[in-house]
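Trainee: Please take me through this model, one feature at a time. Where should I begin?

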Amino acid sequence: MIERTELAPGYDISRIIHGGWQFSAGHRIDGTALDGAVDVLLESAELGVTTFDCADIYTGVEELYGRFLQKWNTTSAWQPIQIHTKLVPDWSELERVDRSYVRGIVERSLSRLGVERLDLVQYYWWRDDVPGLEQTGLWLDELRVEGKIRHIAATNLDADRWQRVVRAGVPLVANQVQYSLLDRRPEARLVDELMTSDARILAFGTLAGGFLTDRWFGSEDPGSYASRSHTKYRLIIDEFGGWEPYQRLLEALARIADDVDADIPAVAARFVLDQRAVAAVITGATRPGQMRRNATATRLELSPEHHELLRRSVAGAPGPAGVVFGLERDRNGPHGRIMKVDLNADDG
């Protein structure tokens, strides 16, 4: 069985969440491949990974999850499924976001998923120079009271922005942020702030786009990468200190993996699951068998000595520095330049 946790009173989720980003535009699937994707999602649910993450801006993924839900509910529904989606207004559209805009995105997600209520909506606001961070959360709360949303969360909010939203009266239950052995920015202030709010972290990037896996242990730096995901997380490795410190971290992970009869990604995910305020980690799986391997993390037990070894392995890293999502919010920096900020427009 997969570990579960109560994210909010009366609402529990699996501690491994099946992420949907890899099913989105740039990884588009249709026809028989779409049927295969549904089978992969069904395999996760049958394992006990019953919580799934998607977004309004992941082109085609809400529809895919809707197709999966329909099949699960008619053939295998021995346990309820939780679908977490997002609301991320486009950078260029923020000035026109109003109550009807927010309702329209929520109604569209309901239609795509084929449900009457969204389990969790995680929202983000790109710009401080355009008012709306707090008000958008309050409009989502109106929809929660109306019954169209069960719970509200945020994504990529640092401690200060999180505090602003909570003080405005938005009942946030979680913050989805990047958190891994390579990127420990949430530990600076955010974890304490969340615990004050009685909220939790949903961690993405825990495997750093695949860089925290056995595949890369002992390998040379190829120097260039075809996928945007690898480019993104290679920048995180640079912030961490570069290829050599990253390889030393993989060596420590491999030693622990041998001790506990697991693999590197399971140990890397378990480390994050063991951290304060972390409710779950989000991992991708697009092929049969992948989630079965990912899910072994919930059955591992790392000793205090294992945790100490990993902490020593990252102790000298110069970064990533700053607040959660701070590097990515800088549109002039290398992290911000690769961000896509108008994906709802791209989705039509």
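Mentor: Helices and strands here are DSSP runs numbered from the N terminus, a helix being H or I over at least four residues and a strand E over at least two. The model is predicted, so local features need pLDDT of at least 70 and side-chain atom pairs pLDDT 80 or more, while totals for chains, interfaces and linings use all residues. Residues are numbered from 1 along each chain as its sequence is written, and side-chain values use heavy atoms, without hydrogens or water.

Trainee: In which loop is Ala-277 found?

Mentor: Ala-277 is not a glycine, yet its phi is positive, about 75 degrees. Most residues other than glycine have a negative phi. Ala-277 is also buried (under 20% relative accessible area, 1.4 Å probe, protein chains only), at 11%. Its place is the loop between α9 (264–273) and β10 (278–284).

Trainee: Does Asp-198 count as buried or exposed?

Mentor: Asp-198 sits in the loop between α6 (190–196) and β9 (200–204), and its phi is positive too, near 60 degrees. The cut-off for exposed is over 50%, with partly exposed lying between that and buried. Asp-198 has a relative accessibility of 68%, so it counts as exposed.

Trainee: Which residues is Pro-288 in contact with, leaving aside neighbours within four places in sequence?

Mentor: Pro-288 is in the loop between β10 and α10 (290–294), and is exposed at 66% relative accessible area. Its C-alpha atom is 9.0 Å from that of Leu-41, although 247 residues separate the two along the chain. Contact means heavy atoms within 4.5 Å. With those neighbours set aside, the partners of Pro-288 are Val-40 and Glu-43.

Trainee: What is omega for the peptide bond that joins Gly-319 and Pro-320?

Mentor: Pro-320 lies in the loop between α11 and α12 (326–329). Most peptide bonds are trans. The bond from Gly-319 to Pro-320 is cis, with omega about 5 degrees.

Trainee: How is α8 oriented relative to α11?

Mentor: The axes, lines fitted to C-alpha atoms over the stretch in contact, are compared by N-to-C direction on a range of 0 to 180 degrees. For α8 (residues 243–260) and α11 (residues 304–314) they come within 9 Å and cross at roughly 170 degrees. Under 35 degrees is roughly parallel, 65 to 115 roughly perpendicular, over 145 roughly antiparallel, and the rest oblique. The pair is therefore roughly antiparallel.

Trainee: How many residues of the contact of α8 with α11 are nonpolar?

Mentor: From α8, Leu-249, Ala-252, Leu-253, Arg-255, Ile-256, Asp-259 and Val-260 take part, meeting His-306, Leu-309, Leu-310, Ser-313 and Val-314 of α11. Ala, Val, Leu, Ile, Met, Phe, Trp, Tyr, Cys and Pro count as nonpolar, Asp, Glu, Lys and Arg as charged, and the others, Gly among them, as polar. Two of the contact residues are charged, two are polar, and the nonpolar ones number eight.
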